[in-house]
Amino acid sequence: MAGYFTNILSGTKSLLVGLSITQREFFKKPVTLQYPWESLEMTPRYRGHIQLVKDGETGTHKCISCGLCDKGCPSGCITVKGEKQEGVKVKVLVRYDLDFTKCSLCGQCIDNCKPGAIEFSKEYNLASTRKEDFYYDLLKRLKEQK
Amino acid sequence: MSSQTASQNKEHFEINLGPQHPATHGVLRVKLLMDGEYVVDAEPVLGYIHRMHELMGENRTWAKYLPNMGRLDYLSALSYNLGYVELVEKMAAIEVPERAEYIRVITTEMNRISSHLLWFGAFVLDLGGFTPLLYAFDDREHILDLLESVTGSRLTYCYFRFGGCSNDVEDEFLTGCLTFIKRLRSRMPMYHNLVTKNVILMQRLEGVGPVSAEMCRKYGATGPVLRGSGINYDVRKNEPYSVYPEFDFDVPVYNECDSMARYMVRMDEMDQCMRIIEQAIAKIPEGPVMAAKVPKMIKPAAGDYYHAVEAARGTFAIRAVSEGKNQAYRMKLRSPTFSNLSLFQEASKGMLLADALAFMGSIDLVIPEIDR
Ligand code: SF4
Ligand code: SF4
(Lines give C-alpha, C1' and ligand atoms only; values in the text may rest on other atoms or scores of the structure.)
(Ligands and ions follow the chains in the order given, each with its own letter.)
Protein backbone atom coordinates (compact mmCIF):
# COMPACT_ATOMS: atom_id res chain seq x y z
CA MET A 1 0.00 0.00 0.00
CA ALA A 2 2.82 2.38 0.89
CA GLY A 3 4.35 1.70 -2.53
CA TYR A 4 1.09 2.70 -4.13
CA PHE A 5 1.13 6.15 -2.58
CA THR A 6 4.84 6.79 -3.16
CA ASN A 7 4.21 5.86 -6.78
CA ILE A 8 1.46 8.41 -7.05
CA LEU A 9 3.63 11.02 -5.34
CA SER A 10 6.73 10.47 -7.45
CA GLY A 11 4.61 10.25 -10.60
CA THR A 12 2.90 13.54 -9.84
CA LYS A 13 6.25 15.12 -9.09
CA SER A 14 7.68 13.98 -12.44
CA LEU A 15 4.71 15.51 -14.24
CA LEU A 16 5.06 18.78 -12.35
CA VAL A 17 8.77 18.95 -13.21
CA GLY A 18 7.89 18.42 -16.87
CA LEU A 19 5.19 21.08 -16.74
CA SER A 20 7.57 23.60 -15.23
CA ILE A 21 9.99 22.98 -18.11
CA THR A 22 7.38 23.48 -20.79
CA GLN A 23 6.10 26.55 -18.98
CA ARG A 24 9.57 28.11 -18.93
CA GLU A 25 9.90 27.39 -22.63
CA PHE A 26 6.53 29.00 -23.24
CA PHE A 27 7.83 32.43 -22.34
CA LYS A 28 10.95 32.21 -24.48
CA LYS A 29 11.28 33.91 -27.83
CA PRO A 30 10.41 31.83 -30.91
CA VAL A 31 13.39 29.96 -32.34
CA THR A 32 11.93 29.53 -35.79
CA LEU A 33 12.38 31.83 -38.73
CA GLN A 34 9.18 33.56 -39.78
CA TYR A 35 9.66 32.37 -43.32
CA PRO A 36 7.78 34.34 -45.92
CA TRP A 37 8.59 37.55 -44.03
CA GLU A 38 12.17 36.64 -43.25
CA SER A 39 14.50 34.49 -45.26
CA LEU A 40 17.89 33.00 -44.73
CA GLU A 41 21.19 33.97 -46.21
CA MET A 42 22.65 30.71 -47.54
CA THR A 43 26.12 29.68 -46.39
CA PRO A 44 28.87 30.07 -49.01
CA ARG A 45 29.01 26.28 -49.43
CA TYR A 46 25.28 25.87 -49.95
CA ARG A 47 24.55 23.58 -52.87
CA GLY A 48 21.88 24.97 -55.15
CA HIS A 49 21.70 23.93 -58.81
CA ILE A 50 24.92 24.47 -60.72
CA GLN A 51 25.55 27.56 -62.80
CA LEU A 52 28.32 28.89 -65.02
CA VAL A 53 30.81 31.14 -63.27
CA LYS A 54 31.06 34.64 -64.63
CA ASP A 55 34.66 35.57 -65.26
CA GLY A 56 35.30 39.07 -63.90
CA GLU A 57 37.83 39.94 -66.62
CA THR A 58 36.14 38.76 -69.78
CA GLY A 59 32.58 39.08 -68.56
CA THR A 60 31.73 35.64 -69.86
CA HIS A 61 32.13 32.00 -68.81
CA LYS A 62 35.35 30.01 -68.51
CA CYS A 63 34.08 26.75 -69.95
CA ILE A 64 36.24 25.05 -72.55
CA SER A 65 33.55 22.50 -73.50
CA CYS A 66 35.68 19.56 -72.47
CA GLY A 67 32.59 17.66 -71.34
CA LEU A 68 34.20 16.20 -68.20
CA CYS A 69 31.37 17.46 -66.03
CA ASP A 70 28.92 15.65 -68.27
CA LYS A 71 30.95 12.44 -68.22
CA GLY A 72 31.34 12.39 -64.45
CA CYS A 73 27.76 13.19 -63.55
CA PRO A 74 26.11 10.21 -61.84
CA SER A 75 22.64 11.26 -62.86
CA GLY A 76 23.41 12.26 -66.43
CA CYS A 77 21.79 15.63 -66.12
CA ILE A 78 24.33 17.76 -67.97
CA THR A 79 24.54 18.21 -71.74
CA VAL A 80 27.40 20.30 -73.07
CA LYS A 81 27.67 21.29 -76.69
CA GLY A 82 30.81 22.92 -78.02
CA GLU A 83 31.67 24.02 -81.52
CA LYS A 84 34.90 24.53 -83.38
CA GLN A 85 35.00 28.11 -84.50
CA GLU A 86 37.54 29.77 -86.74
CA GLY A 87 40.29 31.66 -85.04
CA VAL A 88 39.57 30.16 -81.61
CA LYS A 89 41.85 27.42 -80.32
CA VAL A 90 39.49 25.69 -77.94
CA LYS A 91 35.95 24.61 -78.66
CA VAL A 92 33.41 27.32 -78.03
CA LEU A 93 30.49 26.53 -75.79
CA VAL A 94 27.22 26.93 -77.61
CA ARG A 95 24.87 25.25 -75.21
CA TYR A 96 24.96 24.08 -71.59
CA ASP A 97 21.81 22.32 -70.44
CA LEU A 98 21.08 21.15 -66.96
CA ASP A 99 18.20 18.88 -66.10
CA PHE A 100 17.81 19.81 -62.47
CA THR A 101 15.03 17.30 -61.89
CA LYS A 102 17.63 14.53 -61.84
CA CYS A 103 20.52 16.30 -60.11
CA SER A 104 21.58 14.83 -56.78
CA LEU A 105 23.75 17.83 -55.87
CA CYS A 106 26.77 15.64 -55.35
CA GLY A 107 29.26 18.18 -56.63
CA GLN A 108 31.23 15.81 -58.83
CA CYS A 109 30.77 18.02 -61.91
CA ILE A 110 32.40 20.88 -60.04
CA ASP A 111 35.23 18.61 -58.83
CA ASN A 112 35.83 17.46 -62.39
CA CYS A 113 35.92 20.91 -63.93
CA LYS A 114 39.57 21.93 -64.26
CA PRO A 115 39.03 25.58 -65.30
CA GLY A 116 36.54 26.13 -62.49
CA ALA A 117 33.80 27.11 -64.87
CA ILE A 118 30.84 25.95 -62.80
CA GLU A 119 29.71 26.58 -59.25
CA PHE A 120 26.72 25.96 -57.03
CA SER A 121 24.15 28.72 -57.01
CA LYS A 122 22.55 29.87 -53.79
CA GLU A 123 19.00 29.62 -55.04
CA TYR A 124 16.67 27.68 -52.81
CA ASN A 125 13.26 29.19 -53.43
CA LEU A 126 12.47 26.76 -56.18
CA ALA A 127 8.95 25.53 -56.62
CA SER A 128 6.89 24.70 -59.63
CA THR A 129 4.22 22.32 -60.75
CA ARG A 130 5.85 21.90 -64.13
CA LYS A 131 8.85 19.71 -64.72
CA GLU A 132 10.04 21.85 -67.63
CA ASP A 133 10.72 24.72 -65.28
CA PHE A 134 13.74 22.84 -64.04
CA TYR A 135 15.41 22.32 -67.39
CA TYR A 136 17.91 25.12 -67.30
CA ASP A 137 19.80 26.64 -70.16
CA LEU A 138 22.79 27.77 -68.16
CA LEU A 139 24.36 29.83 -70.94
CA LYS A 140 21.19 31.85 -71.26
CA ARG A 141 21.00 32.28 -67.50
CA LEU A 142 24.56 33.56 -67.46
CA LYS A 143 23.78 36.13 -70.12
CA GLU A 144 20.69 37.28 -68.25
CA GLN A 145 22.69 37.55 -65.05
CA LYS A 146 24.06 41.06 -64.99
CA MET B 1 -19.88 -14.09 -20.44
CA SER B 2 -22.02 -16.11 -22.77
CA SER B 3 -20.41 -18.77 -24.89
CA GLN B 4 -21.12 -16.74 -27.98
CA THR B 5 -19.12 -13.67 -26.93
CA ALA B 6 -16.32 -15.92 -25.76
CA SER B 7 -16.00 -17.41 -29.21
CA GLN B 8 -16.17 -13.93 -30.74
CA ASN B 9 -13.26 -12.91 -28.56
CA LYS B 10 -11.26 -15.70 -30.07
CA GLU B 11 -11.93 -14.43 -33.55
CA HIS B 12 -8.85 -12.97 -35.06
CA PHE B 13 -8.87 -10.13 -37.51
CA GLU B 14 -6.27 -8.59 -39.71
CA ILE B 15 -5.38 -4.94 -39.90
CA ASN B 16 -2.83 -3.13 -41.94
CA LEU B 17 -0.44 -0.79 -40.26
CA GLY B 18 0.78 1.34 -43.11
CA PRO B 19 2.04 1.63 -45.81
CA GLN B 20 0.97 5.18 -45.05
CA HIS B 21 0.96 5.49 -41.31
CA PRO B 22 2.75 8.06 -39.18
CA ALA B 23 3.95 5.46 -36.69
CA THR B 24 5.92 3.53 -39.29
CA HIS B 25 7.90 6.66 -40.22
CA GLY B 26 7.80 5.86 -43.89
CA VAL B 27 6.25 3.46 -46.32
CA LEU B 28 6.42 0.29 -44.29
CA ARG B 29 3.43 -2.00 -44.09
CA VAL B 30 2.91 -4.36 -41.22
CA LYS B 31 0.16 -6.93 -41.52
CA LEU B 32 -1.17 -7.37 -38.02
CA LEU B 33 -3.24 -10.33 -36.97
CA MET B 34 -5.10 -9.16 -33.92
CA ASP B 35 -6.99 -10.76 -31.13
CA GLY B 36 -8.82 -7.74 -29.80
CA GLU B 37 -6.13 -5.36 -28.63
CA TYR B 38 -3.46 -8.05 -28.69
CA VAL B 39 -1.07 -8.76 -31.51
CA VAL B 40 -1.14 -12.41 -32.56
CA ASP B 41 1.17 -12.03 -35.50
CA ALA B 42 2.88 -9.11 -37.18
CA GLU B 43 4.30 -9.56 -40.61
CA PRO B 44 6.33 -6.69 -42.05
CA VAL B 45 5.75 -6.27 -45.78
CA LEU B 46 8.63 -4.56 -47.49
CA GLY B 47 9.43 -3.21 -50.88
CA TYR B 48 7.30 -0.11 -51.18
CA ILE B 49 10.27 2.13 -51.84
CA HIS B 50 12.72 -0.35 -53.18
CA ARG B 51 15.00 1.61 -55.51
CA MET B 52 17.53 -1.05 -56.52
CA HIS B 53 20.46 0.65 -54.88
CA GLU B 54 22.50 -2.54 -55.00
CA LEU B 55 21.90 -2.97 -58.70
CA MET B 56 22.79 0.65 -59.30
CA GLY B 57 26.12 -0.03 -57.63
CA GLU B 58 26.78 -2.72 -60.21
CA ASN B 59 25.91 -0.48 -63.14
CA ARG B 60 27.87 2.68 -62.55
CA THR B 61 31.45 3.59 -61.81
CA TRP B 62 32.69 3.62 -58.23
CA ALA B 63 32.65 7.41 -58.11
CA LYS B 64 29.19 7.71 -59.58
CA TYR B 65 27.78 5.52 -56.84
CA LEU B 66 28.77 8.03 -54.15
CA PRO B 67 25.54 10.06 -54.06
CA ASN B 68 23.49 6.89 -53.51
CA MET B 69 24.99 6.61 -50.04
CA GLY B 70 23.18 9.71 -48.89
CA ARG B 71 19.87 8.20 -49.82
CA LEU B 72 19.85 5.01 -47.81
CA ASP B 73 19.57 6.16 -44.24
CA TYR B 74 18.96 9.83 -44.84
CA LEU B 75 19.15 10.59 -41.12
CA SER B 76 22.74 9.54 -40.69
CA ALA B 77 23.91 9.79 -44.27
CA LEU B 78 27.51 10.59 -43.37
CA SER B 79 28.07 7.17 -41.77
CA TYR B 80 27.06 5.61 -45.07
CA ASN B 81 29.26 7.99 -47.02
CA LEU B 82 32.07 6.99 -44.70
CA GLY B 83 31.49 3.28 -45.06
CA TYR B 84 31.55 3.44 -48.81
CA VAL B 85 34.56 5.70 -49.28
CA GLU B 86 36.53 3.66 -46.77
CA LEU B 87 35.71 0.48 -48.63
CA VAL B 88 36.87 1.90 -51.94
CA GLU B 89 39.97 3.35 -50.32
CA LYS B 90 40.72 -0.09 -48.93
CA MET B 91 40.21 -1.66 -52.35
CA ALA B 92 42.30 0.85 -54.27
CA ALA B 93 44.88 1.35 -51.49
CA ILE B 94 44.37 5.10 -51.21
CA GLU B 95 45.97 6.80 -48.22
CA VAL B 96 43.79 9.38 -46.52
CA PRO B 97 45.43 12.42 -44.92
CA GLU B 98 45.16 12.63 -41.15
CA ARG B 99 43.17 15.88 -41.16
CA ALA B 100 40.56 14.40 -43.47
CA GLU B 101 40.12 11.44 -41.10
CA TYR B 102 39.50 13.79 -38.20
CA ILE B 103 37.02 15.85 -40.21
CA ARG B 104 35.24 12.65 -41.13
CA VAL B 105 34.95 11.61 -37.51
CA ILE B 106 33.74 15.03 -36.34
CA THR B 107 31.09 15.37 -39.03
CA THR B 108 29.93 11.76 -38.73
CA GLU B 109 29.54 12.02 -34.97
CA MET B 110 27.64 15.30 -35.33
CA ASN B 111 25.41 13.50 -37.78
CA ARG B 112 24.90 10.68 -35.29
CA ILE B 113 23.76 13.15 -32.63
CA SER B 114 21.34 14.75 -35.07
CA SER B 115 19.98 11.34 -35.97
CA HIS B 116 19.49 10.38 -32.33
CA LEU B 117 17.83 13.71 -31.60
CA LEU B 118 15.37 13.13 -34.39
CA TRP B 119 14.72 9.61 -33.19
CA PHE B 120 14.18 10.94 -29.68
CA GLY B 121 11.59 13.44 -30.86
CA ALA B 122 9.82 11.03 -33.17
CA PHE B 123 9.82 8.25 -30.58
CA VAL B 124 8.19 10.40 -27.93
CA LEU B 125 5.77 11.56 -30.60
CA ASP B 126 4.84 7.91 -31.20
CA LEU B 127 4.05 7.65 -27.52
CA GLY B 128 1.82 10.68 -27.69
CA GLY B 129 4.08 13.47 -26.44
CA PHE B 130 4.42 16.26 -28.93
CA THR B 131 6.48 18.88 -27.12
CA PRO B 132 9.86 17.08 -26.85
CA LEU B 133 9.95 16.77 -30.63
CA LEU B 134 10.06 20.54 -30.95
CA TYR B 135 12.83 20.86 -28.39
CA ALA B 136 14.87 18.16 -30.09
CA PHE B 137 14.41 19.82 -33.47
CA ASP B 138 15.60 23.09 -32.01
CA ASP B 139 18.90 21.43 -31.09
CA ARG B 140 19.09 19.42 -34.27
CA GLU B 141 18.72 22.59 -36.30
CA HIS B 142 22.05 23.81 -34.93
CA ILE B 143 23.75 20.64 -36.16
CA LEU B 144 22.15 20.93 -39.59
CA ASP B 145 23.32 24.53 -39.87
CA LEU B 146 26.85 23.53 -38.91
CA LEU B 147 26.94 20.60 -41.31
CA GLU B 148 25.43 22.72 -44.05
CA SER B 149 28.26 25.19 -43.68
CA VAL B 150 30.80 22.48 -44.54
CA THR B 151 28.95 20.00 -46.71
CA GLY B 152 26.55 22.32 -48.51
CA SER B 153 23.54 20.13 -47.80
CA ARG B 154 21.32 19.52 -44.84
CA LEU B 155 20.23 15.92 -45.16
CA THR B 156 21.42 13.86 -48.10
CA TYR B 157 25.09 14.57 -47.73
CA CYS B 158 27.66 13.72 -50.33
CA TYR B 159 30.69 15.15 -48.66
CA PHE B 160 33.42 12.54 -48.47
CA ARG B 161 35.46 11.68 -51.51
CA PHE B 162 37.83 8.81 -52.23
CA GLY B 163 41.02 10.01 -50.53
CA GLY B 164 39.53 12.67 -48.29
CA CYS B 165 36.75 15.21 -48.09
CA SER B 166 35.46 17.50 -50.80
CA ASN B 167 36.53 20.60 -48.90
CA ASP B 168 38.33 21.68 -45.75
CA VAL B 169 36.54 22.95 -42.65
CA GLU B 170 37.07 26.38 -41.15
CA ASP B 171 37.87 27.16 -37.55
CA GLU B 172 34.39 28.65 -37.21
CA PHE B 173 32.93 25.21 -37.82
CA LEU B 174 35.08 23.67 -35.11
CA THR B 175 34.29 26.39 -32.58
CA GLY B 176 30.66 26.15 -33.64
CA CYS B 177 30.73 22.44 -32.79
CA LEU B 178 32.18 23.17 -29.37
CA THR B 179 29.54 25.82 -28.71
CA PHE B 180 26.87 23.37 -29.76
CA ILE B 181 28.25 20.67 -27.46
CA LYS B 182 28.15 23.11 -24.58
CA ARG B 183 24.56 23.91 -25.42
CA LEU B 184 23.48 20.29 -25.76
CA ARG B 185 25.21 19.33 -22.49
CA SER B 186 23.27 22.04 -20.72
CA ARG B 187 20.06 20.81 -22.34
CA MET B 188 20.53 17.10 -21.55
CA PRO B 189 19.30 17.41 -17.92
CA MET B 190 16.23 19.17 -19.29
CA TYR B 191 15.54 16.25 -21.65
CA HIS B 192 15.94 13.77 -18.82
CA ASN B 193 13.68 15.74 -16.50
CA LEU B 194 11.08 16.29 -19.15
CA VAL B 195 11.07 12.86 -20.75
CA THR B 196 13.27 10.17 -19.21
CA LYS B 197 11.95 10.62 -15.69
CA ASN B 198 8.39 11.14 -16.82
CA VAL B 199 6.17 8.61 -15.13
CA ILE B 200 4.07 7.96 -18.24
CA LEU B 201 7.12 7.30 -20.40
CA MET B 202 8.65 5.01 -17.81
CA GLN B 203 5.53 2.95 -17.48
CA ARG B 204 5.14 2.62 -21.21
CA LEU B 205 8.73 1.57 -21.81
CA GLU B 206 9.92 -0.38 -18.81
CA GLY B 207 9.56 -4.10 -19.33
CA VAL B 208 7.92 -3.59 -22.73
CA GLY B 209 9.28 -5.15 -25.89
CA PRO B 210 11.78 -7.61 -24.48
CA VAL B 211 14.49 -8.50 -26.97
CA SER B 212 16.92 -11.04 -25.63
CA ALA B 213 20.53 -11.20 -26.64
CA GLU B 214 19.73 -14.58 -28.15
CA MET B 215 17.06 -13.06 -30.37
CA CYS B 216 19.48 -10.34 -31.47
CA ARG B 217 21.95 -13.01 -32.49
CA LYS B 218 19.30 -14.94 -34.35
CA TYR B 219 18.25 -11.98 -36.47
CA GLY B 220 21.55 -10.17 -36.66
CA ALA B 221 20.33 -7.11 -34.81
CA THR B 222 23.01 -4.54 -34.12
CA GLY B 223 23.42 -1.04 -32.80
CA PRO B 224 21.39 0.31 -29.89
CA VAL B 225 19.00 -2.67 -30.10
CA LEU B 226 21.87 -5.07 -29.41
CA ARG B 227 23.48 -2.83 -26.82
CA GLY B 228 20.15 -2.49 -25.05
CA SER B 229 20.18 -6.27 -24.72
CA GLY B 230 23.38 -6.31 -22.77
CA ILE B 231 25.88 -7.05 -25.50
CA ASN B 232 28.82 -4.76 -25.78
CA TYR B 233 29.33 -4.58 -29.51
CA ASP B 234 30.20 -1.45 -31.40
CA VAL B 235 32.10 -1.57 -34.68
CA ARG B 236 34.02 1.54 -33.67
CA LYS B 237 35.52 -0.49 -30.82
CA ASN B 238 35.42 -4.06 -32.09
CA GLU B 239 36.69 -3.51 -35.61
CA PRO B 240 38.08 0.01 -35.40
CA TYR B 241 38.22 2.06 -38.57
CA SER B 242 39.31 5.59 -39.41
CA VAL B 243 40.93 7.28 -36.39
CA TYR B 244 38.48 5.99 -33.76
CA PRO B 245 41.13 4.09 -31.79
CA GLU B 246 42.66 7.43 -30.84
CA PHE B 247 39.66 8.52 -28.88
CA ASP B 248 38.60 7.60 -25.43
CA PHE B 249 34.90 6.84 -25.30
CA ASP B 250 32.59 4.28 -23.74
CA VAL B 251 30.01 2.08 -25.33
CA PRO B 252 26.75 2.40 -23.38
CA VAL B 253 25.29 -1.01 -22.63
CA TYR B 254 22.09 -1.80 -20.75
CA ASN B 255 21.02 -5.24 -19.61
CA GLU B 256 17.28 -4.70 -19.24
CA CYS B 257 16.48 -5.76 -22.83
CA ASP B 258 13.36 -3.56 -22.88
CA SER B 259 12.38 -0.42 -24.77
CA MET B 260 13.70 1.72 -21.93
CA ALA B 261 17.14 0.13 -22.28
CA ARG B 262 17.26 0.98 -25.98
CA TYR B 263 16.11 4.48 -25.18
CA MET B 264 18.86 4.91 -22.60
CA VAL B 265 21.53 3.54 -24.92
CA ARG B 266 20.79 6.23 -27.47
CA MET B 267 20.59 9.00 -24.90
CA ASP B 268 23.96 7.97 -23.47
CA GLU B 269 25.42 7.60 -26.92
CA MET B 270 24.83 11.29 -27.55
CA ASP B 271 27.06 12.06 -24.56
CA GLN B 272 29.74 9.77 -25.94
CA CYS B 273 29.52 11.38 -29.38
CA MET B 274 30.13 14.72 -27.75
CA ARG B 275 33.19 13.32 -26.00
CA ILE B 276 34.58 12.02 -29.28
CA ILE B 277 33.99 15.32 -31.07
CA GLU B 278 35.70 17.30 -28.31
CA GLN B 279 38.76 15.08 -28.41
CA ALA B 280 38.87 15.19 -32.19
CA ILE B 281 38.68 18.97 -32.25
CA ALA B 282 41.44 19.21 -29.67
CA LYS B 283 43.69 16.92 -31.67
CA ILE B 284 42.87 17.82 -35.28
CA PRO B 285 46.12 18.34 -37.22
CA GLU B 286 46.77 20.82 -40.00
CA GLY B 287 47.35 19.60 -43.50
CA PRO B 288 45.65 18.65 -46.72
CA VAL B 289 42.18 17.10 -46.80
CA MET B 290 42.65 15.19 -50.02
CA ALA B 291 45.18 12.50 -50.82
CA ALA B 292 47.79 13.71 -53.27
CA LYS B 293 47.31 10.85 -55.68
CA VAL B 294 43.84 9.61 -56.36
CA PRO B 295 43.47 7.87 -59.70
CA LYS B 296 40.94 9.54 -61.99
CA MET B 297 39.39 6.23 -62.91
CA ILE B 298 39.35 3.82 -60.00
CA LYS B 299 39.88 0.19 -60.95
CA PRO B 300 40.44 -1.87 -57.80
CA ALA B 301 42.25 -5.17 -58.09
CA ALA B 302 39.94 -8.14 -58.53
CA GLY B 303 38.73 -9.55 -55.25
CA ASP B 304 36.06 -9.73 -52.64
CA TYR B 305 36.00 -6.82 -50.19
CA TYR B 306 34.05 -6.07 -47.06
CA HIS B 307 33.92 -3.07 -44.81
CA ALA B 308 31.69 -2.28 -41.86
CA VAL B 309 31.03 0.92 -39.96
CA GLU B 310 28.86 1.79 -37.00
CA ALA B 311 25.97 3.87 -38.29
CA ALA B 312 23.45 5.48 -35.96
CA ARG B 313 21.19 2.42 -36.17
CA GLY B 314 23.75 -0.35 -36.13
CA THR B 315 26.32 -2.02 -38.30
CA PHE B 316 26.28 -0.84 -41.86
CA ALA B 317 28.45 -2.99 -44.06
CA ILE B 318 29.22 -3.20 -47.73
CA ARG B 319 30.49 -6.20 -49.56
CA ALA B 320 31.83 -5.44 -53.00
CA VAL B 321 33.21 -7.87 -55.51
CA SER B 322 35.54 -6.33 -58.04
CA GLU B 323 36.66 -7.79 -61.31
CA GLY B 324 39.28 -5.12 -61.77
CA LYS B 325 36.90 -2.98 -63.78
CA ASN B 326 35.70 0.53 -63.12
CA GLN B 327 32.47 -0.76 -61.65
CA ALA B 328 31.54 -3.42 -59.17
CA TYR B 329 30.55 -6.93 -60.14
CA ARG B 330 28.50 -7.31 -57.00
CA MET B 331 27.48 -4.72 -54.47
CA LYS B 332 25.78 -5.89 -51.30
CA LEU B 333 24.61 -3.41 -48.72
CA ARG B 334 24.00 -4.73 -45.25
CA SER B 335 21.43 -2.49 -43.70
CA PRO B 336 21.16 -2.43 -39.91
CA THR B 337 17.46 -1.63 -39.70
CA PHE B 338 16.53 -4.50 -41.99
CA SER B 339 17.89 -6.93 -39.41
CA ASN B 340 16.49 -4.92 -36.53
CA LEU B 341 13.03 -4.97 -38.08
CA SER B 342 13.21 -8.71 -38.67
CA LEU B 343 12.90 -9.43 -34.98
CA PHE B 344 9.70 -7.41 -34.75
CA GLN B 345 7.54 -10.31 -35.85
CA GLU B 346 8.76 -12.62 -33.14
CA ALA B 347 9.14 -10.06 -30.39
CA SER B 348 5.77 -8.38 -30.82
CA LYS B 349 3.70 -11.55 -30.37
CA GLY B 350 1.20 -11.13 -27.56
CA MET B 351 1.82 -7.41 -27.14
CA LEU B 352 -0.87 -4.79 -26.88
CA LEU B 353 -1.14 -2.82 -30.10
CA ALA B 354 -0.07 0.42 -28.43
CA ASP B 355 2.93 -1.32 -26.88
CA ALA B 356 3.88 -2.82 -30.21
CA LEU B 357 4.01 0.66 -31.68
CA ALA B 358 6.14 1.89 -28.80
CA PHE B 359 8.39 -1.10 -29.39
CA MET B 360 8.62 -0.33 -33.07
CA GLY B 361 9.65 3.23 -32.24
CA SER B 362 12.35 1.93 -29.93
CA ILE B 363 14.03 -0.04 -32.72
CA ASP B 364 14.33 3.17 -34.73
CA LEU B 365 13.38 2.33 -38.28
CA VAL B 366 14.35 4.25 -41.37
CA ILE B 367 12.41 2.71 -44.21
CA PRO B 368 14.46 3.77 -47.29
CA GLU B 369 17.32 2.01 -45.63
CA ILE B 370 15.40 -1.23 -45.13
CA ASP B 371 14.24 -1.31 -48.71
CA ARG B 372 17.33 0.17 -50.39
S1 SF4 C 1 25.88 18.02 -58.79
FE2 SF4 C 1 26.18 15.85 -59.31
S3 SF4 C 1 24.21 15.18 -60.12
FE4 SF4 C 1 24.18 17.43 -60.13
S5 SF4 C 1 24.87 18.01 -62.16
FE6 SF4 C 1 26.69 17.97 -60.88
S7 SF4 C 1 27.52 15.89 -61.10
FE8 SF4 C 1 25.42 15.86 -61.89
S1 SF4 D 1 31.94 23.20 -67.26
FE2 SF4 D 1 34.07 22.61 -66.89
S3 SF4 D 1 34.06 20.37 -67.05
FE4 SF4 D 1 32.16 21.07 -67.96
S5 SF4 D 1 32.62 21.25 -70.13
FE6 SF4 D 1 32.98 23.28 -69.23
S7 SF4 D 1 35.13 23.28 -68.71
FE8 SF4 D 1 34.61 21.14 -69.07
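**Exercise 1. Strand pairing in chain A**

Determine in which sense strands S2 and S3 of chain A pair in this predicted model, and over how many bridges.

*Solution.* Step 1: locate the strands; S2(A) covers residues 78–83 and S3(A) covers residues 92–99. Step 2: establish the pairing, which is antiparallel and extends over 6 bridges. Step 3: identify one pair of residues; A:Glu83 lies opposite A:Val92 of S3(A). Step 4: examine S5(A), residues 135–137, which pairs with S3(A) in the antiparallel sense through 3 bridges. Here A:Asp99 has A:Tyr135 of S5(A) as its bridge partner.

**Exercise 2. The shells around the two ligands**

State which residues surround ligand 1 and which surround ligand 2, and classify each shell as nonpolar, polar or charged.

*Solution.* Step 1: list the shell of ligand 1, which consists of A:Cys73, A:Pro74, A:Ser75, A:Cys77, A:Ile78, A:Cys103, A:Ser104, A:Leu105, A:Cys106, A:Gly107 and A:Cys109. Step 2: classify these residues; 8 are nonpolar, 3 are polar and none is charged. Step 3: turn to ligand 2, whose surroundings include A:Cys63, A:Cys66, A:Cys69 and A:Cys113, together with A:Val80 and A:Tyr96. Step 4: classify this second shell, which holds 8 nonpolar and 2 polar residues and no charged ones.

**Exercise 3. An open sheet in chain B**

Describe the order of strands S6, S7 and S8 of chain B, and explain why one side of S6 and of S8 is without a neighbour in the sheet.

*Solution.* Step 1: the 3 strands form an open sheet in the order S6-S7-S8, with antiparallel pairing. Step 2: S6(B), residues 303–311, and S8(B), residues 328–334, are at the edges; each has a single partner strand, so one side of each lacks a neighbour in the sheet. Step 3: the average twist from one strand to the next is 15°. Step 4: S6(B) is joined to S7(B), residues 314–322, by 9 bridges, and B:Tyr306 has B:Arg319 in S7(B) as its bridge partner. Step 5: helix H3(B), residues 77–92, packs on the sheet and touches S6, S7 and S8 of chain B. The direction of H3(B) makes about 150° with that of S6(B).

**Exercise 4. The environment of helix H14**

Establish how many residues of H14(B) are buried, and which they are.

*Solution.* Step 1: apply the criterion that a buried residue has under 20% relative accessible area. Step 2: of the 10 residues of H14(B), residues 353–362, 7 are buried, so the helix is largely enclosed by the rest of the structure. Step 3: the buried residues are B:Ala356, B:Leu357, B:Ala358, B:Phe359, B:Met360, B:Gly361 and B:Ser362. Step 4: inspect the backbone just after H14(B), where B:Asp364 adopts a positive phi of about 55°.

Terms used: Residues numbered from 1 in each chain as written. Chains lettered and ligands numbered in written order. Predicted model: local features only at pLDDT ≥ 70, side-chain atom pairs only at ≥ 80, totals over all residues. Heavy atoms only, no water. Buried < 20%, exposed > 50% of the residue type's maximum accessible area, 1.4 Å probe, protein only. Helix = DSSP H or I, 4+ residues; strand = E, 2+ residues; numbered from the N terminus. Pairing = 2+ DSSP bridges. Axes fitted to C-alpha atoms, helices over the stretch in contact; angles between N-to-C directions. Contact = heavy atoms within 4.5 Å. Near = heavy atom within 4 Å. Nonpolar A, V, L, I, M, F, W, Y, C, P; charged D, E, K, R; others polar.
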